[in-house]
Amino acid sequence: MIKKINNFINGRFENSTSKTIPVWNPQNGEKLTEVTCSSKKELNNAVSSAKSAFCKWSNITLKERVEVFYEFRNELKNNITSLANSICQENGKTFEEARAEILKGIELTEFACSMPQIIHDEIQEVSRGVECRSSHVPLGIVASITPFNFPIMVPMWTVPNAIVLGNCMILKPSEQTPVGASKIAELLKKSGLPDGVFNVINGDKNIVEAICDHKDISAISFVGSTKIAKNVYQRTTSNFKRCLSLGGAKNHLIVLPDANEEMASNDIIASMSGCAGQRCMAASAMLGVGKIDSIINKIANKAKTIVAGKNLGSVISEEAKIRIEKYIEEAEKSGAKIILDGRGVKVSGKENGYYVGPTILDHVKPEMKIAKEEVFGPVLAIIRTNEIDEAIAIENNSQYGNASSVYTQDGNLANYVTEKVSAGMVGVNIGVPVPREPFSFGGWNESRFGVGDITGKSSINFWTQLKKRTSKWNQSAKKNWMS
Ligand code: NAD
């Protein structure tokens, strides 16, 4: 067992006396560790340490702040295997998936390191001898609240950018996967980040609410399910703070009859089953247009090569397994045809693990629950349509809008679909259309509340505010209408 996961405050892991929550290894159902359920006093201590560090950290240059993140990037690289193993233990994904998560974390850190090449103050001589200058300045103390599905990568969406831009940060990881945040804290300290600039506060709903209400926290980014994303957005903004709150998803892949069958079937399987379907970018519904039986047969055959405990990890909890299997059961009762059933799978030697095998349901109707709600498991619901516009209408009708892709070899049709779908991240012949750095990540509709995206250049506006300075130094600047 890993020793208790404590908070990281002012550069140290604090041995808390607050109550703890058990953390389970979802691959075998055994207790992995326990995590502190922080009190408001502990949050206050973290905020005080961040406030003490802010003056010095925000006053050094951007280039100096970035130096720490060059080191951090190398630490991530040097520790890929141990970090990936730690993710497997707490989250249940496969080693390759965990490794890919760290690689993306490295890419995100490299983006933060490029900030001095991206941000420049804007200066213009607006009248003779009078200069206007606009600069991005940090907000102060900011917080990032993260979900279970990417214990290292999702924190990497916010931590490097927010800190490089001069803020001090409180990270509140998921109580289901708190180990990754501790590893990030250790590596940032080793990389030379001054004490207090980065703090980790653990806990559940109560500490999230305390973060939303804390008078000294200026901005909060949240990533999680839509219901909670809405609550956090509402609570934070009603406290007059800045908030960007990313929610759940229901991603549609529109498959046209001319799709390259080999590529489409491989991608669709990888998208619906990767990370056991627990990705906000996972293919969850396939909208098959016209005659697509041959692609569906290929998908069904290839899905049989995805085996729980081998190239398919576990889902996060027993609760999640029950929820996913209930969705399958309800869909079957409502008339969907099960062509591959992942219910009740057992992994030899890991009989108590929370596994669901790949599941494919054909002839799903748009009004069924499984067609509309986020399942967050390795389940693909196939909805058949006669026309492209019918498929687009189903996609447009979704409350969510994270991702959508089209499979076709016809450029005109690809353009038509990508223009009409209502999602922030769209793909052509791509199963998981995650924009790579420096392109920003963010959905539409109820997959995101607030303005802008969470990564890339868009994040600069979220983590900073503009200071506009007008100066007159030159005697030749005569009196004018703005003097
Ligand atoms: P979750 O909403 O249950 O938890 C997210 C965070 O909120 C955690 O830190 C948790 O401690 C906290 N929390 C839980 N209940 C709360 C409550 N009642 N009030 C306040 N805070 C609360 O999400 P999860 O199950 O950890 O993660 C899966 C969800 O996250 C899925 O819906 C997935 O689509 C979504 N997600 C979205 C994106 C995106 O970019 N849009 C990315 C990753 C995950």
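A residue counts as near the ligand if one of its heavy atoms lies within 4 Å of it. With that in mind, welcome to this predicted model, in which 27 residues surround the ligand. The ligand sits in the largest pocket, and residues of both domain 1 and domain 2 contribute to the shell around it, so the ligand lies between the two domains.

**Who surrounds the ligand**

- The closest residues to the ligand are Lys-172, Glu-175, Ser-225, Gly-247 and Glu-374.
- Sorted by class, the shell holds 14 nonpolar, nine polar and four charged residues.
- Helix 8 (205-213) supplies at least two residues of this shell, and strand 10 (219-223) also supplies at least two.
- Domain 1 covers 7-248 + 443-468, while domain 2 covers 251-428.

**Polar contacts to look for**

- Start with Glu-175, where a polar side-chain atom lies 2.5 Å from an oxygen atom of the ligand.
- Then find Glu-374, which has an N or O atom in its side chain 2.6 Å from an oxygen atom of the ligand.
- Gly-247 takes part through its backbone, with an N or O atom 2.7 Å from a nitrogen atom of the ligand.
- How much of the ligand does the protein bury? Taken alone, the ligand exposes 840 Å², and the protein buries 89% of that.

**Backbone details in two loops**

- Look for Asn-10 in the loop between strand 1 (7-9) and strand 2 (12-14).
- The phi angle of Asn-10 is near 55 degrees, which is a positive value in a residue other than glycine.
- Another spot to visit is Pro-438, in the loop between strand 18 (425-428) and strand 19 (448-449).
- The peptide bond leading from Glu-437 to Pro-438 is cis, and its omega is near 10 degrees.

Terms used. Residues numbered from 1 in each chain as written. Predicted model: local features only at pLDDT ≥ 70, side-chain atom pairs only at ≥ 80, totals over all residues. Heavy atoms only, no water. Polar contact = N/O pair within 3.5 Å; in protein donor to acceptor, adjacent residues only side chain to side chain. Areas by Shrake-Rupley, 256 points an atom, 1.4 Å probe, with all protein chains shown as cover. 1 Å grid on protein atoms, 1.4 Å probe; cavity = no way out; pocket = protein on both sides within 12 Å on 5 of 7 lines; lining within 4 Å. Sits in = over half its atoms within 2 Å of the grid points. Helix = DSSP H or I, 4+ residues; strand = E, 2+ residues; numbered from the N terminus. Nonpolar A, V, L, I, M, F, W, Y, C, P; charged D, E, K, R; others polar. Domains from an automatic or database assignment.
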